[in-house]
Amino acid sequence: MKLATKKVKSLDSKKPKNAAIKKKKVSEKPKLPKVAKKAVKDEEKRPKKQKAAKKSHKKDLEGLKDIDPEFYDFLKKNDKELLDFNLMDSDDDEEDQNEAEQKDDGAESEEDEEKYHKPSNDLEVASDESDFEGDDDDEDVAAGGVQKITLNLLRQWELQLSKPTVPIETVRQVIQAFNSALASISADNEGEKANTAAYKVVGAAAFNGVIQLCVIHLQPAIINVLGVKPNSSLPLHKHKKWVKVRGCLRYYLSDLIRLVEQISSSNILNVLLKHLHQMAGMVAPFTALGKTILKRLIVLWATGDETVRVLSFLCILKITRKQQATMLNHVLKAMYLAYVRNSKFVSPNTLPGINFMRRSLVEMFALDLNVSYQHAFLYIRQLAIHLRNAVILKKKDSFQAVYNWQYINSLRLWADLLGASTNKPQLQPLVYPLVTITTGVIRLIPTAQYFPLRFHCLQSLISLAKETNTYIPILPLIVEVLRSNTFNRKHTAVSMKPLQFTCILRLNKAQLAENGFRDEVVEQVCGLLLEYLAHESATLAFSDLVVPVVVALKAYLKECRNANYTRKLKQLLDKIQESSRFIEQQRSKSSVNFDLKNAQAVQAWEQQVRNKRTPLDIYYASWLKTHETKKRRQAAQTDDINADYDIPKLKKPAAKSGVPVRNEQGEVELFPSDSEDEAMDIPKDDDDEEEEEVQPQPKQPKRKEDKKKRKSEKSQESAVEEAGDDYDEAATAVDIVKDLDLDDW
């Protein structure tokens with residue numbers, strides 16, 4: 001160890017003197033800690049980082065111009081210094097020269113200030129009056145890129161759309177304005193479209209002007225743009241200029257059907273549906289949009305008012321015809337389901353709508369019978385399955401699946417369709433299964449409780465037999481009603497109103513005990529027998545066909561003790577026998593010299609007899625006129641009919657003048673006279689007319705009190721009726737009930 005230390009010392013002593021000098025010079029420099037060295041390096045790199053950050057920030061703001069132009073315009077308007085990069089850079093250079101002369105603390109404070117954004121000095125302080133300055137805001141919005149719709153602008157567009165050569169740009173601008181108008185009334189979740197719209201619609205006048213401009217002038221303008229000739233049969237989407245209007249037209253049609261969905265007023269709906277009917281030819285190229293439009297139209301067709309239903313059906317028919325190959329299946333299925341869904345409840349108010357749906361649906365099925373056969377076969381098979389389950393299971397639920405209005409209305413629909421297509425062979429194979437199903441429904445529960453349902457089914461079978469010229473054994477189903485034990489019992493209750501089976505499928509026990517039930521059953525039996533036999537009265541086998549009916553009617557007349565029933569059935573029996581003798585006379589003539597297998601000869605002979613008019617046919621024509629008059633009279637008394645179904649009454653107020661009429665005593669007169677002389681007379685009861693003559697009568701206190709009481713009750717009842725509906729067609733009408741007071745009674 002000693003030797004090693006000596007060697008080290010000797011080596012140190014041999015070092016040159018220059019090394020010692022170098023050590024001295026290095027030791028003279030101040031030694032900095034590591035943290036300070038790192039700070040110095042960061043200070044040297046900071047200008048480079050700031051320049052790179054400024055460049056990237058500038059690129060980001062320039063990219064903002066393409067990503068969100070509205071926000072870029074907002075910054076450009078309210079804070080220009082943020083976007084003026086050159087000015088900010090020059091300011092930074094001057095500040096750097098001044099900061100070089102100052103200490104490091106000042107530099108750090110200014111770096112902290114650069115981290116925060118300084119608002120511009122041009123910004124105004126908000127005041128309470130700013131909430132009421134709407135015009136200035138609209139002008140600012142227009143200057144920012146969104147143009148406000150004015151009446152002058154609408155007039156300019158109207159003039160441009162009325163020209164023979166319409167600019168396509170004008171059509172696009174009008175469609176954009178329509179989109180902006182719709183966005184202004186849309187929900188909050190659709191408000192984003194209003195932010196990106198090119199126009200701004202403010203006020204009801206501008207909104208109505210835009211809608212009116214599109215409804216009246218847009219469709220002719222598009223026709224002019226496409227260059228469609230008056231008698232051209234070429235589809236619109238096959239014209240050369242269709243590509244130019246295709247995109248904007250898609251948006252317009254989608255906005256139009258969206259507007260139709262949001263409208264509840266029937267008058268406005270009528271206008272929009274008429275416009276959509278004009279635009280129906282332009283829906284064909286848009287398959288997905290067409291399905292959306294048809295879906296909404298089918299809802300209106302099934303649930304709207306009378307005029308709305310008709311216009312919706314016309315739109316459905318026109319749109320479907322334009323693209324029948326792709327849309328017919330979808331439309332038939334949706335319309336049939338809507339028909340079944342909305343025919344669940346039948347009343348005097350809903351019956352006209354159900355009848356309209358059935359007739360219009362028959363017309364839709366008649367467009368293509370090959371396609372209709374698939375739907376008809378499927379749905380008739382479903383009816384047969386329900387009937388089979390009811391026959392086999394014999395449970396309450398299975399019976400209710402058959403004995404309901406939806407099932408009966410479906411049978412009516414297919415009977416009408418098969419009758420309407422009798423001249424074409426596609427659907428005729430379905431006649432036999434439909435007749436079998438209808439007969440099975442009648443036989444399912446053959447009790448008096450379901451006589452109304454039986455009569456509805458028989459009416460469908462009779463119409464089917466008349467239209468298809470097919471023999472259906474209907475007479476036994478009608479005549480066996482007269483042999484019912486329930487029907488032949490004496491009634492135990494008297495009904496003041498006649499019972500009607502028009503909107504009834506099932507009768508309760510109380511109704512079965514009334515005399516109105518028996519009256520309506522006899523009326524239905526006579527009507528159905530007369531309708532069916534009048535059609536068959538010209539056939540070659542009529543005299544043989546009516547033998548069972550004649551025997552059954554004679555047997556019932558022997559037992560019947562009701563003079564009214566006997567008179568009706570006896571008159572019908574006489575006409576049947578007279579027609580039977582008439583046919584036998586025609587058959588006994590030498591004109592019948594053909595073979596019965598010769599169908600054409602038989603049809604020719606029957607046509608000759610039909611032209612001569614049989615006695616039963618003549619009697620049926622006169623009976624039908626009387627029956628139709630009775631039905632119209634009953635239809636006019638819908639409120640009285642609705643009383644049987646517990647439907648609320650809707651009474652229209654009488655026409656009222658602008659100022660309520662008061663009599664001499666100051667009481668308001670609810671029913672003023674039309675003549676000027678009687679305008680101020682007090683309304684009187686019929687019983688009191690003789691008492692109130694010109695000469696005065698002796699006072700009767702009790703009579704006066706009763707009279708006042710009756711008068712107050714009468715005015716109260718009329719006031720309640722008037723208050724039921726304040727609406728009057730006259731714009732100047734005033735509701736008199738509002739002016740009435742308890743002191744006026």
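Is Arg-613 buried, exposed or partly exposed, and what is its relative accessible area? In the predicted model described here, Arg-613 is partly exposed, with a relative accessible area of 37%. The residue lies in the loop between helix 31 (599-612) and helix 32 (615-636). Its backbone is notable in one respect: phi of Arg-613 is positive, at about 65 degrees, although the residue is not a glycine.

A positive phi in a residue other than glycine is also found at Lys-394, where the angle is near 55 degrees. Lys-394 belongs to the loop between helix 19 (369-393) and helix 20 (396-400). With a relative accessibility of 62%, Lys-394 counts as exposed, because the cut-off for that class is over 50%. Arg-613, at 37%, falls in the partly exposed class, which lies between under 20% and over 50%.

The chain as a whole contains 34 helices and two strands. It comprises 745 residues, of which 37% count as buried. About 47400 Å² of the chain is exposed, and carbon and sulfur atoms supply 52% of this area. When contacts between residues at least 6 apart in sequence are considered, 69% of them join residues at least 24 apart.

Confidence in the model was examined along the chain. The mean pLDDT is 76, and 66% of the residues reach 70 or more. Over residues 85-115 the pLDDT stays under 50, and the model has twelve contacts beyond four places in sequence for this stretch. Residues 122-143 likewise have a pLDDT below 50, with seven contacts in the model beyond near neighbours in sequence.

The packing of one pair of helices was then analysed. The axes of helix 27 (residues 515-536) and helix 30 (residues 563-588) come within 11 Å and cross at roughly 10 degrees. The two helices are therefore roughly parallel to each other, since angles under 35 degrees are placed in that class. On the side of helix 27, the contact is made by Asn-515, Arg-518, Asp-519, Val-522, Glu-523, Cys-526, Leu-529, Leu-530 and Leu-533. Helix 30 contributes Tyr-565, Lys-568, Leu-569, Leu-572 and Ile-576. By class, this contact consists of nine nonpolar, one polar and four charged residues.

Two residues within helices were considered individually. Val-245 is found in helix 13 (residues 242-262) and is buried, with a relative accessible area of 2%. Not counting residues up to four places away in sequence, Val-245 touches Val-225 and Leu-226. The C-alpha atoms of Val-245 and Val-225 are 8.5 Å apart in space, and the two residues are 20 apart in sequence. Ser-460, in helix 23 (residues 451-468), also counts as buried, at 9% relative accessibility. Apart from neighbours within four places in sequence, Ser-460 is in contact with Arg-412 and Ala-415.

Val-225 also figures in a second pairing, with Pro-167. Pro-167 and Val-225 are 58 residues apart in sequence, and their C-alpha atoms are 7.4 Å apart. Pro-167 is located in the loop between helix 9 (151-161) and helix 10 (168-184), and its relative accessibility of 36% makes it partly exposed.

The loop that follows helix 23 was examined through Thr-470, which is placed between helix 23 and helix 24 (475-479). Thr-470 counts as partly exposed, at 30% relative accessibility. Along the chain, Thr-470 and Tyr-432 are 38 residues apart, and their C-alpha atoms are separated by 9.9 Å.

Conventions
Residues numbered from 1 in each chain as written. Predicted model: local features only at pLDDT ≥ 70, side-chain atom pairs only at ≥ 80, totals over all residues. Heavy atoms only, no water. Axes fitted to C-alpha atoms, helices over the stretch in contact; angles between N-to-C directions. Helix = DSSP H or I, 4+ residues; strand = E, 2+ residues; numbered from the N terminus. Parallel < 35°, antiparallel > 145°, perpendicular 65-115°, else oblique. Contact = heavy atoms within 4.5 Å. Nonpolar A, V, L, I, M, F, W, Y, C, P; charged D, E, K, R; others polar. Buried < 20%, exposed > 50% of the residue type's maximum accessible area, 1.4 Å probe, protein only. Areas by Shrake-Rupley, 256 points an atom, 1.4 Å probe, with all protein chains shown as cover. pLDDT = per-residue confidence, 0-100.
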